[in-house]
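Biologist: I would like to learn how to read a model of this kind, one feature at a time. Could we begin with burial and then move outward to the surface?

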Amino acid sequence: MSWKEKWSQEKSENLPKTAISSLEKCDKTFFPNIYILLKLLAVAPVSVSTVERSVSSLRRLKTYLKNTTSESRLKGPALLSIHRDIKIKDEEVLDKFASVPRNLDFVL
């Protein structure tokens, strides 16, 4: 018996109205794929406003970072992108950063 045949024999007032009520009436052993699909449908968000909000926040953040990033900070990643064929060793980068004096004031 298929899922469609099961519900075609029922009266319209006995048919489930929501995904959760369908999930409660679904037998997991006979219809494992339908059961998984109903679980996904029951927990899927109704709208995508959360995703849209996070994308717009990310866009604002990127715009802010672009506006506040100076040319000297952009030059390094641009050169790395242009000259991809040049291999850079991690040790060389670490040595370069370690050799630059840092003015950090730690307050205890």
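Modeller: In this predicted model, buried residues make up 8% of the 108 residues in the protein. The protein exposes about 10,400 Å², and carbon and sulfur atoms supply 60% of that area.

Biologist: Which elements does the protein have, and how do they run from the N terminus on?

Modeller: The protein has 6 helices and 0 strands, so that, as helices are numbered from the N terminus, the elements run α-α-α-α-α-α.

Biologist: Is S21 buried or exposed?

Modeller: A residue counts as buried when its relative accessible area is under 20%. S21, whose place is in helix 2 (residues 19–25), is buried because its relative accessible area is 18%. The side chain of S21 also reaches the backbone oxygen of T18, at 2.9 Å.

Biologist: Turning to the surface, which residues make the nonpolar patch?

Modeller: Residues qualify for a patch if they have over 30% relative accessible area and no salt bridge, and nonpolar side chains are then joined within 5 Å. Here L80, I86, I88, V93 and F97 make a nonpolar surface patch of about 510 Å², and of these residues L80 lies in helix 5 (residues 71–82).

Biologist: Which residues gather in the patch of negative charge?

Modeller: Asp and Glu count as negative, and on the surface of this protein D90, E91, E92 and D95 gather in a patch of negative charge. To find this patch in the fold, look for E92, whose place is in helix 6 (residues 90–99).

Terms used
Residues numbered from 1 in each chain as written. Predicted model: local features only at pLDDT ≥ 70, side-chain atom pairs only at ≥ 80, totals over all residues. Heavy atoms only, no water. Patch = residues over 30% accessible without salt bridge, like charges linked within 9 Å, V, L, I, M, F, W, Y side chains within 5 Å. Areas by Shrake-Rupley, 256 points an atom, 1.4 Å probe, with all protein chains shown as cover. Salt bridge = Lys/Arg side-chain N within 4 Å of Asp/Glu carboxyl O. Charge placed at Lys NZ, Arg CZ, Asp CG, Glu CD. Helix = DSSP H or I, 4+ residues; strand = E, 2+ residues; numbered from the N terminus. Buried < 20%, exposed > 50% of the residue type's maximum accessible area, 1.4 Å probe, protein only. Polar contact = N/O pair within 3.5 Å; in protein donor to acceptor, adjacent residues only side chain to side chain.
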